[in-house]
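Thanks for coming. I'll put one structure on the screen and talk through its confidence and its charged pairs.

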Amino acid sequence: MSTQRQSLRDRQVASIEKIINLNHEQPKPEPDANGLVPTSNPLLNEDGEPIWKVLVFDNLGRDVISSVLRVQDLRNFGVTIHLNLHAPRHPIPDVPVVYLVEPTSENINAISADLAKNLYETAYVNFLTSVPRPLLEDFAALTAQNNTSDKIAQVYDQYLNFVVSEPDLFSLHLKDAYYTLNSAQAADSAIEHTIDKVVSGLFSVTVTMGSIPIIRCPKGNAAEIIAQKLDRKLRDHVVNSRDNNLFSARSSSSASSQTRPVLIILDRNIDLVPMLSHSWTYQALVHDVLGMRLNRITVETVEDGGKVSKRSYDLNSNDFFWARNAGVPFPQVAEDIDAELTKYKDDVAEITSKTGANSLEDLQNDAGTSAQHLKAAITQLPELRDRKAILDMHMNIATALLKGIKERQLDNFYQMEESITRQTKAQILEAINDPEKKNATDKMRAFIIWYLSSENDPSKADMVEYETALKNAGCDLAPLTYVKKVREITRMTMMASAPSPQPATQTTPGDLFRGFSSISNRLTDRLKDAGALGGGFENLISGVKNFLPVNKDLTITKIVESLMDPTSSSTSALAKTENYLFFDPRSSSARGTTGNPTGAARLGPDGRPITGGPTFGQRRQGFAEAVVFTVGGGNMEEYGNLQEWSRKVSQSGAGVKRKVVYGSTELINAESFVNGELKRLGEEG
């Protein structure tokens with residue numbers, strides 16, 4: 001029987017649960033019938049009760065935990081209260097404390113102060129990454145000075161300094177990494193600090209995944225430096241930690257290169273278009289329109305009586321609707337809400353008809369129903385209530401998205417960008433000058449996408465005309481100033497910003513642009529019945545286009561395909577990745593070479609020439625699993641495109657299931673990227 005693949009989130013949750021269980025090994029639960037890995041059991045005391053404890057974290061520790069666990073999950077593991085390390089805290093002297101913090105002087109001083117003040121009974125100290133020896137010595141000195149060594153039960157390096165947002169999506173939470181690595185004004189120390197943070201985060205990801213990867217990256221820029229440093233860090237760990245190898249504890253050390261993952265490290269400038277594009281999938285729209293952060297969003301809802309209030313929602317792993325629809329085009333999401341509401345109403349009707357109650361609420365107070373039917377109904381009540389709460393939430397989210405789509409005409413921008421290479425000068429100027437398109441950032445995003453996707457440079461006269469129109473539309477030209485500098489670099493590496501050619505049996509426009517009207521009446525009725533929204537939903541739906549995206553693979557997806565599945569990749573993609581550097585931390589020869597015998601010898605991180613290199617077979621080998629990391633920012637568009645490609649090739653019948661994990665220095669939406677880092681770089685001149 002083949003074992004169920006654990007996602008990156010499964011592995012991180014297991015690591016966090018082990019920390020909360022005071023680093024005690026618990027039996028590994030088997031996946032259920034749906035392939036979901038259930039949570040482990042809490043650590044119990046002699047009386048069979050959970051060991052109650054306090055959880056204290058810093059900001060990164062908070063983000064790591066809150067992205068995968070909720071308050072109730074912590075309660076189930078005996079966490080009575082969770083607090084920030086640098087917030088005022090009251091003593092709880094008879095309860096142990098679990099710390100999850102970054103290894104910094106500030107944090108070590110704060111923990112030492114807690115111990116000196118006897119805030120808690122015993123301390124279980126967990127650092128999010130490997131603690132440097134000087135800091136550990138400082139911690140030991142402070143502990144000896146305060147005579148608090150008896151208060152410390154454990155000190156662990158945990159390798160968890162990355163935030164998981166989706167099953168196979170992670171971020172290192174490094175703000176402004178793109179600016180730092182591309183600015184001429186950035187200090188060398190700042191660049192080095194950012195690169196070291198990336199290397200540390202990627203090392204933690206590989207430890208959590210339990211296998212040493214083969215590393216591929218293009219030559220030059222930050223990606224090569226990061227690959228070299230990570231290769232050296234992994235090599236040093238394998239050589240120096242034979243008795244305490246972080247990887248041998250998680251997987252067989254004899255794993256062949258065919259079963260190991262490939263880590264593909266790419267610079268953001270390889271393709272800037274997905275960082276700016278207007279998307280049409282549910283997840284990408286939520287990220288773009290509602291500014292999702294750590295799977296949490298805030299939307300405006302209309303309560304009874306017309307009162308407008310703000311509500312926050314968590315989109316987590318327990319949300320069946322989000323798990324199924326996150327990567328689906330938005331019109332299909334609206335239809336699925338309708339289908340789920342129909343199913344919900346049918347289930348409620350079946351229960352109430354059997355019990356004779358008028359509604360679910362009556363069941364609790366109705367003593368006249370038969371005991372057998374009442375028992376069956378009550379056992380289904382929690383599941384039905386949870387379903388209704390999730391559907392209510394997604395109806396509110398859908399309404400907020402529809403409002404944003406209509407106000408900003410995002411459907412029109414998306415439609416234009418789907419055929420951006422076919423847009424004429426007149427059409428581009430018309431979009432910029434359109435008074436109905438009120439958001440200046442949206443116009444700047446669309447123009448930059450056209451500019452990056454055009455085969456030829458616009459003439460100087462045309463460029464002046466475009467810039468004048470953008471200025472008149474209220475756009476800040478600083479982002480465009482910077483993009484002009486990197487256009488040639490990006491044009492050389494971009495492989496697919498335009499849609500792939502469609503087969504002759506292409507769906508007719510009438511089928512694609514049929515509007516939401518076909519479901520609007522039914523959906524509005526469902527929303528009214530569910531009590532979440534009013535009839536304004538129908539007005540919002542009207543006029544928003546219900547079209548399906550054209551199938552296309554983004555540049556990053558074509559790169560991944562050429563490295564994971566060379567036999568199915570296009571010749572042009574293989575040509576682009578042929579000279580990607582190859583690092584195998586388990587091999588003495590494959591240390592950043594391309595396998596090309598010509599040219600000057602390359603130097604390794606230690607300054608010595610690198611001899612040998614990967615064979616043609618090694619460079620053409622396929623992989624079943626990949627970790628794709630972009631240096632300088634990531635986005636939901638690329639994540640969704642990679643997951644769609646993974647599903648497509650896994651279902652093709654070839655027999656190989658391919659899994660892709662996507663990560664970046666920071667997950668950032670287009671508005672923040674344009675008005676933040678691109679603007680700052682453009683203002684530098």
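Let me start with a detail: is Glu 467 buried or exposed? Its relative accessibility is 19%, and because buried means under 20%, Glu 467 counts as buried. I'll come back to its partner.

Some context before that. What you see is a predicted model. The protein has 27 helices and 15 strands. Of its 685 residues, 53% are buried. The exposed area is about 31,200 Å², and 49% of that comes from carbon and sulfur atoms. Among contacts with a separation of 6 or more, 77% are between residues 24 or more positions apart.

Next, confidence. The average pLDDT is 81, and 77% of the residues score at least 70. Two stretches need a caution. Residues 31-38 stay under 50, and the model gives them eleven contacts beyond four places in sequence. Residues 596-600 are also below 50, with zero contacts beyond near neighbours in sequence. Where pLDDT is low, the predicted coordinates should not be read in detail.

Now the charged pairs. Side chains of opposite charge can pair when their charged atoms come close. The count here is 34 salt bridges. I'll take three.

Back to Glu 467, then. Its salt bridge is with Lys 484, at 2.4 Å from N to O. Lys 484 sits in helix 19, residues 478-493, and Glu 467 in helix 18, so the pair ties together parts that are 17 residues apart in sequence. Lys 484 is partly exposed, with a relative accessible area of 35%, while Glu 467 is the buried partner.

Helix 18, residues 460-472, also holds Asp 462. Asp 462 forms a salt bridge with Lys 425, and their closest N and O atoms are 2.8 Å apart. Lys 425 is in helix 16, residues 425-433, which puts the partners 37 residues apart. Asp 462 is partly exposed, at 23% relative accessible area, and Lys 425 is partly exposed at 30%.

Third pair: Arg 408 and Asp 288, with the closest N and O atoms 3.8 Å apart. Arg 408 lies in helix 14, residues 371-408, and Asp 288 in helix 10, residues 282-289, so this salt bridge ties together parts that are 120 residues apart in sequence. Both residues, Arg 408 and Asp 288, are buried.

Which residues share a network with that pair? Salt bridges with shared partners join Asp 288 and Arg 408 with Asp 442 and Arg 445.

That's what I have. Comments are welcome.

Note on methods. Residues numbered from 1 in each chain as written. Predicted model: local features only at pLDDT ≥ 70, side-chain atom pairs only at ≥ 80, totals over all residues. Heavy atoms only, no water. Helix = DSSP H or I, 4+ residues; strand = E, 2+ residues; numbered from the N terminus. Buried < 20%, exposed > 50% of the residue type's maximum accessible area, 1.4 Å probe, protein only. Contact = heavy atoms within 4.5 Å. Areas by Shrake-Rupley, 256 points an atom, 1.4 Å probe, with all protein chains shown as cover. pLDDT = per-residue confidence, 0-100. Salt bridge = Lys/Arg side-chain N within 4 Å of Asp/Glu carboxyl O.
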